[in-house]
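Welcome! Have a look at the chain below, and turn it around a few times before you read on.

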Amino acid sequence: MTYFENERIYDDTDEELDVIASKAKRAQWRHKLIGPKFLRFGRRIKYRGADLNAYVEASLVETNNAA
């Protein structure tokens, strides 16, 4: 399943990214070099859609549905 458009480049100000974390939290993650991969162009931060989808998939928690 894809949550973001794989070929799109997302800007850090795009509201769609708030699904993953707030803008402030993403800034903390970048400082700690955790979270989704990102591109830095000077002060501009961009994310590739494919990298966002990979991050979401890696964050998937599977549960045991045996009740």
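What follows is a short tour of this chain, from its overall layout down to single residues.

This is a predicted model, so please read each statement below as a description of that prediction. The secondary structure comes to two helices and three strands. Starting from the N terminus, the elements follow the order β-α-β-β-α.

**The chain as a whole**

- The C-alpha atoms fill a box of roughly 50 × 25 × 20 Å, taken along the principal axes.
- The chain has 67 residues, and 28% of them count as buried.
- About 5200 Å² of the chain is exposed, and carbon and sulfur atoms supply 52% of that area.
- Among the contacts with a separation of 6 or more, 51% are between residues 24 or more positions apart.

**The sheet**

- What is the order of the strands in the sheet? The order is E1-E3-E2, in an open sheet of three strands with antiparallel pairing.
- E1 and E2 (39–41) stand at the edges with a single partner strand each, so one side of each has no neighbour in the sheet.
- On average, neighbouring strands of this sheet are turned by 35 degrees against each other, direction ignored.
- As a general reminder, the strands of a sheet pair through backbone hydrogen bonds, and the pairing is either parallel or antiparallel.
- E1 and E3 run antiparallel and are joined by three bridges. Asp11 stands opposite Lys46 in E3.
- E2 and E3 also run antiparallel, with three bridges between them. Phe41 has Arg44 in E3 as its bridge partner.
- E2 and E3 form a hairpin with two residues between them. Gly42, in the turn, has a positive phi of about 65 degrees.

**Helix H2 against the sheet**

- Helix H2 covers residues 49–58, and its buried residues are Gly49, Asp51, Leu52 and Asn53.
- Which strands do the buried residues of H2 pack against? They pack against strand E1 (9–11) and strand E3 (44–48).

**The nonpolar core**

- The largest nonpolar core has nine residues: Phe4, Tyr10, Leu17, Ile20, Ala21, Trp29, Ile45, Tyr47 and Leu52.
- Ile45 is a good core residue to click on. Leaving aside neighbours within four places in sequence, Ile45 is in contact with Tyr10, Asp11, Asp12, Arg30, Phe38, Leu39 and Arg40.
- Leu52 appears both in this core and among the buried residues of H2.

**Two charged residues to look up: Arg26 and Asp12**

- Arg26 lies in helix H1, which spans residues 23–32.
- Is Arg26 buried or exposed? Arg26 is buried, because its relative accessible area is 2%, and the cut-off for buried is under 20%.
- The side chain of Arg26 reaches the backbone oxygen of Ala21 at 2.6 Å.
- Not counting residues up to four places away in sequence, Arg26 touches Asp12, Leu17, Asp18, Ala21 and Tyr47.
- Asp12 is found in the loop between E1 and H1. Asp12 counts as buried because its relative accessibility is 7%.
- The side chains of Asp12 and Arg30 are joined by a polar contact of 3.3 Å.
- With residues up to four places away in sequence left out, Asp12 touches Leu17, Lys23, Arg26, Arg30, Ile45 and Tyr47.

**An exposed loop residue: Leu33**

- Leu33 lies in the loop between H1 and E2.
- Why does Leu33 count as exposed? Leu33 counts as exposed because its relative accessibility is 70%, and the cut-off for exposed is over 50%.
- Phi of Leu33 is near 60 degrees, a positive value in a residue other than glycine.
- In general, most residues other than glycine have a negative phi.

Terms used. Residues numbered from 1 in each chain as written. Predicted model: local features only at pLDDT ≥ 70, side-chain atom pairs only at ≥ 80, totals over all residues. Heavy atoms only, no water. Buried < 20%, exposed > 50% of the residue type's maximum accessible area, 1.4 Å probe, protein only. Helix = DSSP H or I, 4+ residues; strand = E, 2+ residues; numbered from the N terminus. Contact = heavy atoms within 4.5 Å. Polar contact = N/O pair within 3.5 Å; in protein donor to acceptor, adjacent residues only side chain to side chain. Core = buried A, V, L, I, M, F, W, Y, C linked by side-chain atoms within 4.5 Å. Pairing = 2+ DSSP bridges. Axes fitted to C-alpha atoms, helices over the stretch in contact; angles between N-to-C directions. Areas by Shrake-Rupley, 256 points an atom, 1.4 Å probe, with all protein chains shown as cover.
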